[in-house]
Amino acid sequence: FEFEYSETGENRDFSAPSLQTSMFNMHLQTPFGVSGLQFYGTMGGGVYRERLDNRQETSFGANVGGGLKMSLAGPIRVRFDYRIFTLRGKPLHTRPQRLYVGLNLAF
């Protein structure tokens, strides 16, 4: 299980709204293999807020995705993650996608 908070900034030049998400997710993952790789799938839901100029939409949303965790040193891992969101209500973009890379700590 995980709780995730994410925020993407607004870009007025491209009429791209900011997006804040707060999601609870479940993971299904493989055990670490010999090469230190672990694949996972995830799905969950929560709330979001989309803003562009004076327009704002806050409602519920869901996400599904997957990724890869790669062991670096001891409990430190790098994580590659891809998510597709389904936003309810009246957002400007109902199916935004996110790709990110980050570090995490196993415990």
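Which charged end sits over the ring of Tyr-40? Select Tyr-40 and Lys-69 to find out. The charged end of Lys-69 sits over that ring, 5.5 Å from its centre. Keep in mind that this is a predicted model.

**Stop 1: the sheet**

Switch to cartoon view. Six strands form an open sheet, in the order β1-β2-β3-β4-β5-β6. The pairing is antiparallel. Now pick out residues 2-8 and 97-105. These are β1 and β6, the edge strands. Each has a single partner strand, so one side of each is left without a neighbour in the sheet. Look at how the strands cross. Neighbouring strands of this sheet are turned by 25° against each other on average, with direction ignored.

**Stop 2: from β1 to β3**

Start at the β1 edge and add strand β2, residues 18-29. β1 and β2 are antiparallel and pair over seven bridges. Glu-2 is a good marker here: it stands opposite Asn-25 in β2.

Next, add strand β3, residues 37-52. Twelve bridges connect β2 with β3, again in the antiparallel sense. Select Ser-18 and look across to β3. Arg-51 stands opposite.

**Stop 3: the β6 edge**

Move to strand β5, residues 76-87. Nine bridges join β5 to β6, and the two run antiparallel. Select Phe-80 for one example. Its bridge partner in β6 is Val-101.

**Stop 4: the core**

Show side chains for Leu-19, Met-23, Tyr-48, Phe-85 and Leu-87. These five residues make up the largest nonpolar core. β2 and β5 are the elements that give two or more residues to this core.

Now centre on Leu-19. Setting aside residues up to four places away in sequence, Leu-19 touches eight positions by name: Ser-6, Glu-7, Thr-8, Tyr-48, Arg-49, Glu-50, Leu-87 and Pro-96. Two of the names, Tyr-48 and Leu-87, also belong to the core.

**Stop 5: the aromatic pair**

How many aromatic pairs does the count give? The count comes to one. Select Phe-3 and Phe-24. Their rings form a tilted pair, 4.9 Å centre to centre, with 50° between the planes. Phe-3 lies in strand β1 and Phe-24 in strand β2, so the pair ties together parts that are 21 residues apart in sequence.

Stay on Phe-24 for a moment and switch on the surface. Is Phe-24 buried or exposed? Phe-24 is exposed, with a relative accessible area of 58%.

Key:
Residues numbered from 1 in each chain as written. Predicted model: local features only at pLDDT ≥ 70, side-chain atom pairs only at ≥ 80, totals over all residues. Heavy atoms only, no water. Pairing = 2+ DSSP bridges. Helix = DSSP H or I, 4+ residues; strand = E, 2+ residues; numbered from the N terminus. Axes fitted to C-alpha atoms, helices over the stretch in contact; angles between N-to-C directions. Core = buried A, V, L, I, M, F, W, Y, C linked by side-chain atoms within 4.5 Å. Buried < 20%, exposed > 50% of the residue type's maximum accessible area, 1.4 Å probe, protein only. Contact = heavy atoms within 4.5 Å. Phe/Tyr/Trp six-rings, centres within 6.5 Å; stacked < 30°, edge-to-face > 60°. Lys NZ or Arg CZ within 6 Å of the ring centre and 35° of its normal.
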